[in-house]
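Please read these notes with the model open beside them. They are meant for someone new to reading protein structures.

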Amino acid sequence: MRLAHLHLPHTTPFSRVSHLQQTLTTRLLAHKKLTSPGSISSQEPSNSSAILAKYPPPPPDPTIITFTPTPVYTTGRRDLPPSNTSPPSTTNPDISLPPPLEPIRSILTAHGNQPAKAEYHPTLRGGQTTYHGPGQMVAYTILDLKRLGLTPRCHIRVLENSVIDLLNSYGVEGFTTQDPGVWVNPGAGLGSEPRKITAVGVHLRRNISSFGIGLNVTDEPMWFFKQIVACGLEAIEDVAAAFVEKFVSRVNADFACGENALGEKIDEVYRVREEDLLDSV
């Protein structure tokens, strides 16, 4: 099996990545529907669809998208407001927001000719409200979990353990707690409570995964709201490549090459451009 890695080198609007992710998940779902038993009527053996069902094309390659988003708050299913799940706009500034975002409604709303300082997007991923923006490496995994031999719980564990492996390679000890995500102990003078360094939130449909993790690479809290272009994007690209490497190693070691492994081994990771993925859909 080959795995495609798309890294978007500049800060990228969430909506752009969301569209790309949706396109790729739709392609995987379409292939799964085509090859599912009973999905196409056996009463029409000469039908081209029936022929495709009998001799299906190879499945699309799994893909990991890594990027640094422009400032955005995304809401998971646990925090979705009941009355409205659309982002705020100049035409509807009173739109419902999840409770964690009510105190900062002003920065999510345009004022006259001034655009909003951060976007808000409801999503279908698990979890609650999360901030993403400059200083972070976000990785979305678009995979067929069954093909890789992963259960939904194993998928979460692989994501978390891949981050822990990545942190270890930089001399940082990461760990998990009863709460989702990856945590680290603070440095000197920063208190004693563990700090969350990686948020995890995924969505599954027919075992096709989307969304993934958000890893804090640098600490730039004021930049999130001043809309300053973040530096260090080259470093984040290095972290992104290292994360993909650790993810593949974890999948292969734990689910593709063990004694009772059921998943396919990932033999190769290749870099792709956004236009390559869209042209192939």
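The numbered points below go from the whole chain to its sheets, helices and one side-chain contact.

1. This is a predicted model, in which local features need pLDDT of at least 70, side-chain atom pairs count only at pLDDT 80 or more, and totals for chains, interfaces and linings use all residues. Residues are numbered from 1 along each chain as its sequence is written, and side-chain values use heavy atoms, with hydrogens and water left out.

2. The chain has 7 helices and 11 strands. Helices (H or I, at least four residues) and strands (E, at least two) are DSSP runs, numbered from the N terminus. Of the 281 residues, 45% are buried, where buried means under 20% relative accessible area with a 1.4 Å probe, protein chains only.

3. One open sheet has 8 strands in the order S7-S8-S9-S10-S6-S2-S1-S11, with mixed pairing. Two strands pair if DSSP finds at least two bridges between them. S7 (174–175) and S11 (268–272) are the edge strands, each pairing on one side only. Inside the sheet, S9 (residues 195–205) and S10 (residues 208–216) run antiparallel and are joined by 8 bridges. Thr198 has Leu215 in S10 as its bridge partner.

4. Helix H1 packs on this sheet, touching S1, S2, S6, S9 and S10, and its direction makes about 150 degrees with that of S10. Helix H4 also packs on the sheet, touching S6, S7, S8, S9 and S10; its direction makes about 150 degrees with that of S9. Axes are lines fitted to C-alpha atoms, for helices over the stretch in contact, and angles run from 0 to 180 degrees between N-to-C directions.

5. Does the length of H1 come out as expected, or not, and why? H1 has 22 residues (14–35), so at 1.5 Å a residue it should span 32 Å, and its end C-alpha atoms are 32 Å apart, which agrees. The expected span is 1.5 Å times one less than the number of residues. Buried residues in H1 include Phe14, Leu20, Leu24, His31 and Lys32.

6. A second open sheet has 3 strands in the order S4-S3-S5, again with mixed pairing. Its edge strands are S4 (119–122) and S5 (129–132). S3 (residues 72–75) pairs with S4 in the parallel sense over 4 bridges, and Thr74 stands opposite His121 in S4.

7. Asp165 lies in helix H4 (residues 152–169). Leaving aside neighbours within four places in sequence, Asp165 is in contact (heavy atoms within 4.5 Å) with Lys246 and Arg250. The side chains of Asp165 and Arg250 are joined by a polar contact of 2.7 Å. A polar contact is a pair of N or O atoms within 3.5 Å; within protein, one must be able to donate a hydrogen and the other to accept it, and residues adjacent in sequence count only if both atoms are side-chain atoms.

Conventions
Buried means under 20% relative accessible area, exposed over 50%, partly exposed in between (1.4 Å probe, protein chains only).
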